[in-house]
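Visitor: Please take one part of this model and look at it closely. I would like to know what sits where two domains meet, and what lies around that place.

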Amino acid sequence: MKLQVAAFASLLVALAATAGAVTFDASNTASGTPGGQRFTRDVGLAYSKQVLSDASTFIWNTFNQRAASDRKPVNAVTLVVEDIGGVAFTSANGIHLSAQYVGGYSGNVKTEVTGVLYHEAVHVWQWDGQGNANGGLIEGIADYVRLKAGFAPGHWVKPGQGDRWDQGYDVTARFLDYCDSLKPGFVAQLNAKMKGGYSDDFFAQILGKNVQQLWKDYKAKFGG
Ligand SMILES: [Zn+2]
């Protein structure tokens, strides 16, 4: 019986870590380091796999990709916690999280890692204009999804702050949130256009105003 219960439990875990036909996996190669140990204690592999699954579903909804055929053809999303510097990076469908960052973070590290995983999972799923997209926009879309998921950290810029629309990260995420408020689904449409290539003119094609004018309007609205 014990074996059956264990087998059933592992089946449930396998099901829980699956959204559609995509599998989610996580490993910690830094479990001997202070940061890797904090990851195990305060975040954990099972929780991380669930976040990758939840984040992927959230991203598909945000991008309005109801069918798997609308999405990037990715079968598996993997997380590796590693003894590296920085915060995290994503290469193809592999997310690499810095154990050193986890170890040095002051505050609720579980919430922070959740937000980082949402951001990195966007890089797995977003279109990049065949490699030609504006890098600031790529990072802005990743943080836009993190914002809409409710994991924006308190230190982010406020709406209207920043110097350029394509400054990236939180600055561009706030601007995209404004653009999406003008026409709900804007970010989904923008991402869809970025499947085949990239042009700043996509903003004008969707919203009827060029991106520089939109940035001026945005700054004026928030007095930035
Ligand atoms: Zn990023």
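**Where the two domains meet**

Guide: Start with the strands of this predicted model. Strand β3 (residues 76–82) runs parallel to strand β5 (residues 94–98), and the two are paired over 5 bridges. Within that pairing, leucine 79 has isoleucine 95 of β5 as its bridge partner. β5 also pairs with strand β4 (residues 88–91), this time in the antiparallel sense and over 4 bridges. Here phenylalanine 89 is matched with histidine 96 in β5. β4 and β5 make a hairpin with 2 residues between them. Alanine 92, in the turn, has a positive phi of about 55°. In a regular strand, side chains alternate between the two faces of the sheet.

Now to the domains. The protein chain is divided into domain 1 (20–125) and domain 2 (129–224). Their C-alpha centres are 23 Å apart. Each side gives residues to the contact: 13 from domain 1 and 13 from domain 2. On the side of domain 1 that touches domain 2, the elements giving two or more residues are α3 (45–62) and α5 (109–125). Helix α5 has the largest share of that side, with 8 residues. Sorted by class, that side of domain 1 holds 5 nonpolar, 7 polar and 1 charged residues.

The nonpolar core comes next. The largest one has 54 residues. Leu52, Ile59, Leu117, Ala121, Val122 and Ile141 are those with the most contacts inside it. α5 again gives the largest share, here 9 residues of the core. Because domain 1 (20–125) and domain 2 (129–224) both give residues to this core, it lies between them. In soluble globular proteins, nonpolar side chains tend to be buried together.

One residue of that core ties back to the strands. Alanine 121 touches Leu52, Ala55, Ser56, Ile59, Val77 and Ile95, leaving aside residues up to four places away in sequence. Among these, Ile95 is the bridge partner of leucine 79 in the pairing described above. Leu52 and Ile59 are also listed with the residues that have the most contacts inside the core.

A last stop is helix α10 (residues 211–222). This helix has 12 residues and reaches 17 Å from its first C-alpha to its last, close to the 16 Å expected at 1.5 Å a residue. Just after α10 comes glycine 223, with a positive phi of about 65°.

Notes. Residues are numbered from 1 along each chain as its sequence is written. This is a predicted model: local features need pLDDT of at least 70, side-chain atom pairs count only at pLDDT 80 or more; totals for chains, interfaces and linings use all residues. The expected span of a helix is 1.5 Å times one less than its number of residues. Two strands pair if DSSP finds at least two bridges between them. Domain bounds come from an automatic or database domain assignment. Two residues are in contact if their C-beta atoms, placed from the backbone, lie within 7 Å. Ala, Val, Leu, Ile, Met, Phe, Trp, Tyr, Cys and Pro count as nonpolar, Asp, Glu, Lys and Arg as charged, and the others, Gly among them, as polar. A nonpolar core is a set of buried Ala, Val, Leu, Ile, Met, Phe, Trp, Tyr and Cys residues joined through C-beta atoms within 7 Å. A residue is buried if 20 or more other C-beta atoms lie within 10 Å of its own, exposed if 12 or fewer, and partly exposed in between; C-beta atoms are placed from the backbone.
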